[in-house]
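Please look over the sequence and the model before reading on. The paragraphs below walk through the structure from its interior outwards.

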Amino acid sequence: MTDPQIALMMLGLFIFMVFLGFPIAFTLMAMGIGFGYYAYFDPSRMWRSYFRLDELASIWDSVSLWIDGLFNNRIFDLFINQTYTVMSNEVLTAVPLFLFMGYIVERANIVDRLFSTLNLASKRIPGSMGVAALITCALFATATGIVGAVVTLMGLLALPAMLKARYDPAFASGIICAGGTLGILIPPSIMLIVYAAASGVSIVKLYAGALLPGFTLVGLYLVYIVGRSILQPSAAPRPTDDEVPDVPIGRLLFLIATSFFPLAFLILSVLGSILFGLATPTEAASIGALGGMGLAIAYRAMTWQRLRESVYLTVRTTAMVCWLFVGSYVFSSVFSYLGGEQVISEFVTGLDLTPFQFLLLAQLIIFLLGWPLEWSEIIIIFVPIFLPLLAIFDIDPLFFGILVALNLQTSFLTPPMAMSAYYLKGIAPPEVKLTQIFTGVMPFLLMVFICMALMYAYPQIVYYLPERFYGH
């Protein structure tokens, strides 16, 4: 077999191992080292000292030098260098800080106050409880960026209240599942930080470019919720005074000031300091982590146990991301050295695609990868395969990154591997069936595709804010 054929076998074997359920980070490292040992195998270099031994050398010297040569393969130097590169990456420093902010906010008992307040404030709007649930999900998902946590917490808090208010179970489930995924796209998104580290695109420009698409998607969700509530009132009945009582305007303003504005101010201060150049993403993430602790203290939710849990979860998730990067860097380096990237590049260019067709093909592949894989694995492992091809088709990596972030919403919403549906089913009442949840997320999945189509048709949705803030 030629080296490029071995590279393709390496990629196919990795995908096969993923479907078998092997840990992806360690599979990447093992395969990178295994195939790299073959790729960099050079007996004249590895056993140089062994070959120079004279005939009088002892058996011990011969054996020890031969064993030293066995581990003198350049793949081990590559593995060490790539590990150091990942651990010293300044962009990735923001990941644990934003994660810590999210885990602290999750434990600060903010969400129940926020949902109750928004439910009171939106009482006169059709589908008011659905609107309140979606806005709560969007705000909470933006602050945490952790899909499972948002869907689970909102499923415990909002789903029983919506079912009690006679909402259609599928409709209510779809709102929570779709709202919980918004943190992948809307800044300060951890996914965009990971994409910036993998692609070299400015995280500041990515954040600016993701704002309008994120708000567009939220707007489409809200239009669907309100529109369906008007056209099909039985799916979202108007709440009675017993379910959602009227409160004086002064009391309502006080509730908004103490539940909505603190979290919104925290998010806006973090995001604003990044976009206006007042702080780097890492510095802003530090402010956010400190602000999250301040909110937890203000709401009297800060305990030693919750702080300990937040630190533990932050370290665990950060370690997963870092080892994924290490494994991906080693794997991709060996894959490229064997000629795999060249084969893929020649194959794609040989298809004679237009830039639009290439974008559609790439997004279709990412959409399909979203069924068995997490977003972090797609961004770190597979997106770098597409990045060298962007220059061939004259596609901006910034635009491509926002499209990927929008596309990855579908990985949590598309049956049969819709993870947000499984998160919700795990804590939903027994009468809510998985098929109902799948049915409920399908219209929101359509909204994602509509938003992607709008981005294709009007790229200025992505470019307007980056050009406004930072020029062309």
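What follows covers the core, the open and closed spaces, one helix, and several single residues.

This is a predicted model, in which local features need pLDDT of at least 70 and side-chain atom pairs count only at pLDDT 80 or more, while totals for chains, interfaces and linings use all residues. Residues are numbered from 1 along each chain as its sequence is written, and side-chain values use heavy atoms, with hydrogens and water left out.

Start with the nonpolar core. The term stands for a set of buried Ala, Val, Leu, Ile, Met, Phe, Trp, Tyr and Cys residues joined through side-chain atoms within 4.5 Å. Buried means under 20% relative accessible area, exposed over 50%, and partly exposed in between, with a 1.4 Å probe and protein chains only. The largest such core has 172 residues, and the members that touch the most others are Phe 98, Tyr 221, Leu 263 and Phe 400. Helix H13 (residues 203–231) gives the most to this core, namely 13 residues. Helices here are DSSP runs (H or I, at least four residues), as strands are (E, at least two), numbered from the N terminus. In soluble globular proteins, nonpolar side chains tend to be buried together.

Phe 98 shows how distant parts of the sequence are brought together. With neighbours within four places in sequence set aside, Phe 98 is in contact with Pro 188, Ile 190, Ile 193, Tyr 207, Val 270, Ile 274, Pro 281 and Ala 285; contact means heavy atoms within 4.5 Å. One of these partners, Pro 188, sits in the loop between H11 and helix H12 (190–199). The peptide bond that leads from Pro 187 into Pro 188 is cis, with omega near 0°.

Next come the spaces. Both kinds are found on a 1 Å grid over the protein atoms alone: a cavity is a set of points where a 1.4 Å probe fits but cannot get out, a pocket is an open set with protein on both sides within 12 Å along at least five of seven lines, and lining residues have an atom within 4 Å of a point. Grid points are joined across faces, edges and corners, and a volume is the space filled by probe spheres set on the points.

The largest pocket has a volume of about 520 Å³. It is lined by 21 residues, of which Tyr 103, Ile 146, Thr 317, Met 320 and Glu 374 are the closest to its centre. At least two lining residues come from each of helix H7 (94–106), helix H10 (147–164), helix H16 (304–337) and helix H19 (375–390), and H16 gives the most, with 5 residues. By class the lining has 13 nonpolar, 4 polar and 4 charged residues. In this count Ala, Val, Leu, Ile, Met, Phe, Trp, Tyr, Cys and Pro are nonpolar, Asp, Glu, Lys and Arg are charged, and the others, Gly among them, are polar.

Closed space is limited to 1 cavity of 30 Å³ or more in the whole structure. The largest cavity holds about 30 Å³ and is lined by Ile 104, Arg 107, Ala 108, Ala 296, Ala 301, Met 302 and Arg 306. That lining has 5 nonpolar, no polar and 2 charged residues.

Helix H21 (residues 419–427) has Ser 420, Ala 421 and Leu 424 as its buried residues. They lie on the same side of H21 because they cover an arc of only 100° around the axis, the arc being that of the directions from the helix axis to the C-beta atoms. An α-helix has 3.6 residues a turn, so residues three or four places apart point the same way. The buried residues of H21 pack against H10, helix H11 (169–180) and helix H22 (434–457).

Some single residues remain. Gly 36, in helix H2 (residues 24–39), counts as buried because its relative accessibility is 0%. Its C-alpha atom is 5.5 Å from that of Val 334, although the two are 298 residues apart along the chain.

Two residues other than glycine have a positive phi. Arg 166, with phi near 70°, lies in the loop between H10 and H11 and counts as partly exposed at 43% relative accessibility. Asp 394, with phi near 55°, lies in the loop between H19 and H20 and is exposed at 72%.
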